[in-house]
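Here are a few short exercises to work through with the structure open beside you. Try each task before reading its solution.

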Amino acid sequence: KQWYQRRVRGLDSKVAASNRNPLAQFEIEKRSHQEALKSMMADLEKTLEERVKENMEGMENHKKEMQTRHEAAQRHIEKIRTELDGKKKELAEQMKLLEELQLSTNITVNNSTTSLNSTKDKSHSKKSKGTKKLF
């Protein structure tokens with residue numbers, strides 16, 4: 001915008017300056033052009049700085065967002081880990097109870113089979129005393 005305004009003003013001054021020495025006119029145009037270049041460079045640098053600033057802010061925001069996501073994921077993982085540890089303990093307790101139940105069942109079965117075997121032995125021994133073998 002500034003460059004355009006200066007350019008328009010330069011056209012007005014060129015009409016009045018046509019009566020001047022061509023070398024002086026060239027120097028005036030050269031200074032005008034250099035000022036326009038400086039102005040454009042300043043505008044470009046300002047724009048560049050604004051864009052860099054915006055990008056840096058965007059990166060900071062993205063970094064914060066990613067960190068928040070990471071922390072949420074870590075909390076979720078810890079929650080799952082706690083749940084799994086609880087289930088693991090519960091399963092260990094159930095396995096222990098099952099083993100105890102199996103042991104007590106085996107003892108009961110062994111006791112009953114032992115008592116059955118002892119009664120069979122007694123009845124078998126009674127039959128063998130009372131009967132004779134044919135062969």
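**Exercise 1. Find the salt bridges.**
How many salt bridges does the structure hold, and which residues form them?

*Solution.* This is a predicted model, and the structure holds two salt bridges.
- Step 1: Glu65 pairs with Arg69, and their closest N and O atoms are 3.5 Å apart.
- Step 2: Glu78 pairs with Arg81, with the closest N and O atoms 3.3 Å apart.
- Step 3: Compare these distances with the cut-off of within 4 Å for a side-chain nitrogen and a carboxyl oxygen.

**Exercise 2. Place the pairs along the chain.**
Where do the partners of each salt bridge lie, and how many residues apart are they?

*Solution.* Take the pairs one at a time.
- Step 1: Glu65 and Arg69 are both in helix α2, four residues apart, which is about one turn of the helix.
- Step 2: Glu78 and Arg81 are also both in helix α2, three residues apart, again about one turn of the helix.

**Exercise 3. Classify the partners.**
Which of Glu65, Arg69, Glu78 and Arg81 are exposed, and which are partly exposed?

*Solution.* Exposed means over 50% relative accessible area, buried means under 20%, and partly exposed is in between.
- Step 1: Glu65 has a relative accessible area of 40%, so this residue is partly exposed.
- Step 2: Arg69 has 52%, so Arg69 is exposed.
- Step 3: Glu78, with 42%, is partly exposed.
- Step 4: Arg81, with 45%, is partly exposed.

**Exercise 4. Map the surface patches.**
Which residues form a nonpolar patch on the surface, and which gather in a patch of negative charge?

*Solution.* Start with the nonpolar side chains, then turn to the charges.
- Step 1: Leu48, Val52, Met56 and Met59 form the nonpolar patch, and together they have about 400 Å² of accessible area.
- Step 2: Leu48 lies in helix α2, which covers residues 22-130. Its relative accessibility is 54%, so Leu48 counts as exposed.
- Step 3: The negative patch gathers Glu45, Glu49, Glu50, Glu54 and Glu57.
- Step 4: Glu50 is placed in helix α2. At 40% relative accessibility, Glu50 counts as partly exposed.

**Exercise 5. Step back to the whole protein.**
How many helices and strands are there, and what percentage of the residues is buried?

*Solution.* Now look at the totals.
- Step 1: The protein has two helices and zero strands.
- Step 2: Of its 135 residues, 4% are buried.
- Step 3: The protein exposes about 13,100 Å², and 58% of that area comes from carbon and sulfur atoms.

Technical notes: Residues numbered from 1 in each chain as written. Predicted model: local features only at pLDDT ≥ 70, side-chain atom pairs only at ≥ 80, totals over all residues. Heavy atoms only, no water. Patch = residues over 30% accessible without salt bridge, like charges linked within 9 Å, V, L, I, M, F, W, Y side chains within 5 Å. Areas by Shrake-Rupley, 256 points an atom, 1.4 Å probe, with all protein chains shown as cover. Buried < 20%, exposed > 50% of the residue type's maximum accessible area, 1.4 Å probe, protein only. Lys, Arg positive; Asp, Glu negative; His and termini not counted. Charge placed at Lys NZ, Arg CZ, Asp CG, Glu CD.
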